[in-house]
Amino acid sequence: MSRAQLIELARRDLAHGRARTMDLAEDVYRVPIEHYYDRGRWEAELRKIFRRIPLMLAASAEVPTVGDYKAMTAADVQVLITRTKSGEIKAFVNMCSHRGAKLVEDGTGNAHRFTCPYHAWSYNPDGDLIGVYSPNDFGAIDKRCYGLTELPALERAGLIWVTLDQESKLDIAQFLSGYDELLAQFGFERWHHQHTQTVQGPNWKVAYDGYLDYYHLPILHRNSFGTEIGNKANYYSWGPHTHLGRPDEAFAPYEHLPDDQWPIEKLVSGVWTIFPHISIASFTGGGRSVMISQLFPGDSPETSYTNQIFLMEKVPNTEELERDAKAQFEFLKHVVQNEDYATGIALQKNLHVGAKTHVLFGKNEGGGQRFHRWVDAILEASDEELPKLFSTPSNERSTG
Ligand code: FES
Ligand SMILES: [Fe+2]
């Protein structure tokens with residue numbers, strides 16, 4: 001089903017490529033400029049988007065085996081993701097139940113017991129409190145009541161979503177709106193985590209706009225990527241999640257082949273964004289890879305940071321492949337830091353001076369238009385209304 005959907009999109013991209021056309025939104029869209037710097041709005045985004053909406057926090061390949069864990073800070077919440085004995089994923093607030101110490105330092109590793117660095121209480125990967133130091137001195141407590149605080153989590157398509165609100169009633173699968181079936185075509189659960197690096201950027205939406213935009217590619221990236229990708233994107237959306245294809249005649253050799261003979265790496269090409277803060281793009285240096293860009297607001301409305309998580313289909317097993325992969329990652333850090341985010345940081349300095357009231361998203365920038373509409377809709381929705389936003393049947397796809 002999902003492979004058939006990918007072929008349908010490829011045929012559409014091919015037809016646009018031949019006709020020299022693209023999907024266009026209905027009109028030019030205007031975003032009030034203060035949406036990018038107003039502190040009240042930024043705090044609402046943290047509270048109502050980042051701490052209320054499921055976030056793709058890790059790839060399965062970062063925690064592939066039983067006992068593996070990943071500790072990280074996401075929107076100022078310290079999170080611990082574990083793979084338990086049964087092989088399933090759990091997520092917790094990375095906070096000891098005794099007096100609140102951070103249980104595990106940020107990073108990845110393997111452990112069958114987490115011992116608090118403050119007074120040595122210990123927990124298993126299921127989050128159970130399994131040891132209290134000097135229990136007779138401490139006094140009687142029911143250990144069953146003092147496990148780690150668990151967060152809703154779901155592993156799908158070799159990716160892991162966590163909601164940073166332990167009370168959340170939002171069904172993560174429903175939020176994914178069927179998009180995970182498309183992402184599953186990569187087979188990420190069989191891929192390998194090669195490297196992660198971090199880039200500092202401007203306001204998270206200024207930064208994220210760039211991942212939804214091919215319009216800038218042959219201009220801003222003329223000296224790095226070059227101009228061969230072109231400046232036209234076709235936007236395909238499932239719920240709030242948007243895939244960027246493009247008018248592309250390169251699908252022509254496959255058009256008369258049966259569905260199962262279209263090469264999967266071509267079918268999943270383009271950019272896969274996951275609302276509200278992920279972009280996945282494919283590369284080939286050192287072997288087939290993806291860069292998962294994971295954006296988070298920084299300490300102020302003017303800042304963000306992006307974890308670039310590199311997954312490779314195969315471990316680069318020669319020195320040459322390893323060198324090429326490393327060069328690929330360095331190149332992408334350079335492009336994002338010195339082209340995209342350097343532009344965004346300078347742009348950010350213009351926003352609050354009062355020279356303009358709005359910024360514009362053209363008919364050719366429908367992905368950005370949809371993203372900002374979704375941000376607005378989620379900010380406006382009460383906790384009760386929130387699940388209804390994602391109740392579109394999974395196979396109902398919208399374009400433009
Ligand atoms: S805060 Fe963790 S053992 Fe005391
Ligand atoms: Fe860019």
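**View 1. Hairpin of strands 14 and 15 in the predicted model.** Ser237 has Thr242 of strand 15 as its bridge partner. The two strands, strand 14 (residues 234-238) and strand 15 (residues 241-245), run antiparallel and are joined by five bridges. Two residues separate them in the hairpin, and Gly239 in the turn has a positive phi of about 55 degrees. Five of the five residues of strand 14 are buried. Its two faces are both covered, with Asn234, Tyr236 and Trp238 on one side and Tyr235 and Ser237 on the other.

**View 2. Open antiparallel sheet of strands 7, 8 and 9.** The strand order is 7-8-9. Strand 7 (114-115) and strand 9 (129-131) are the edge strands, each with a single partner, so one side of each has no neighbour in the sheet. Two bridges connect strand 7 with strand 8 (residues 122-123) in the antiparallel sense. Phe114 is placed opposite Tyr123 of strand 8.

**View 3. Coordination of the iron ion (ligand 2).** The donors are His216 (NE2), His221 (NE2) and Asp340 (OD), at 2.0 to 2.1 Å. Their spacing along the sequence is H-x4-H-x118-D. His216 sits in the loop between helix 6 (204-209) and helix 7 (217-220), whereas Asp340 belongs to helix 9 (residues 319-351), so this pair ties together parts that are 124 residues apart in sequence. His216 has a relative accessible area of 13% and is therefore buried, the cut-off being under 20%.

**View 4. Lining of the largest pocket.** The volume of this pocket is about 1100 Å³. It is lined by 41 residues, of which Tyr214, Ile229, Gly270, Ala281 and Ser282 are the closest to its centre. At least two lining residues come from each of helix 1 (2-19), strand 15, helix 8 (264-267), strand 17 (278-283), strand 18 (289-297) and helix 9. Helix 9 contributes the most, with five residues. By class, the lining holds 21 nonpolar, eleven polar and nine charged residues.

**View 5. Lining of the second largest pocket.** Its volume is about 450 Å³. Among the 19 lining residues, Val206, Asp209, Gly210, Asp213 and Leu347 are the closest to the centre. Helix 6, helix 9 and strand 20 (358-361) each supply at least two residues of the lining. The largest share in this pocket is that of helix 9, with six residues. The lining is made up of eleven nonpolar, four polar and four charged residues.

Notes. Residues numbered from 1 in each chain as written. Chains lettered and ligands numbered in written order. Predicted model: local features only at pLDDT ≥ 70, side-chain atom pairs only at ≥ 80, totals over all residues. Heavy atoms only, no water. Pairing = 2+ DSSP bridges. Helix = DSSP H or I, 4+ residues; strand = E, 2+ residues; numbered from the N terminus. Buried < 20%, exposed > 50% of the residue type's maximum accessible area, 1.4 Å probe, protein only. Donors = N, O, S within 2.8 Å, 3.2 Å for Na, K, Ca; no water. 1 Å grid on protein atoms, 1.4 Å probe; cavity = no way out; pocket = protein on both sides within 12 Å on 5 of 7 lines; lining within 4 Å. Points joined across faces, edges and corners; volume = space filled by probe spheres on them. Nonpolar A, V, L, I, M, F, W, Y, C, P; charged D, E, K, R; others polar.
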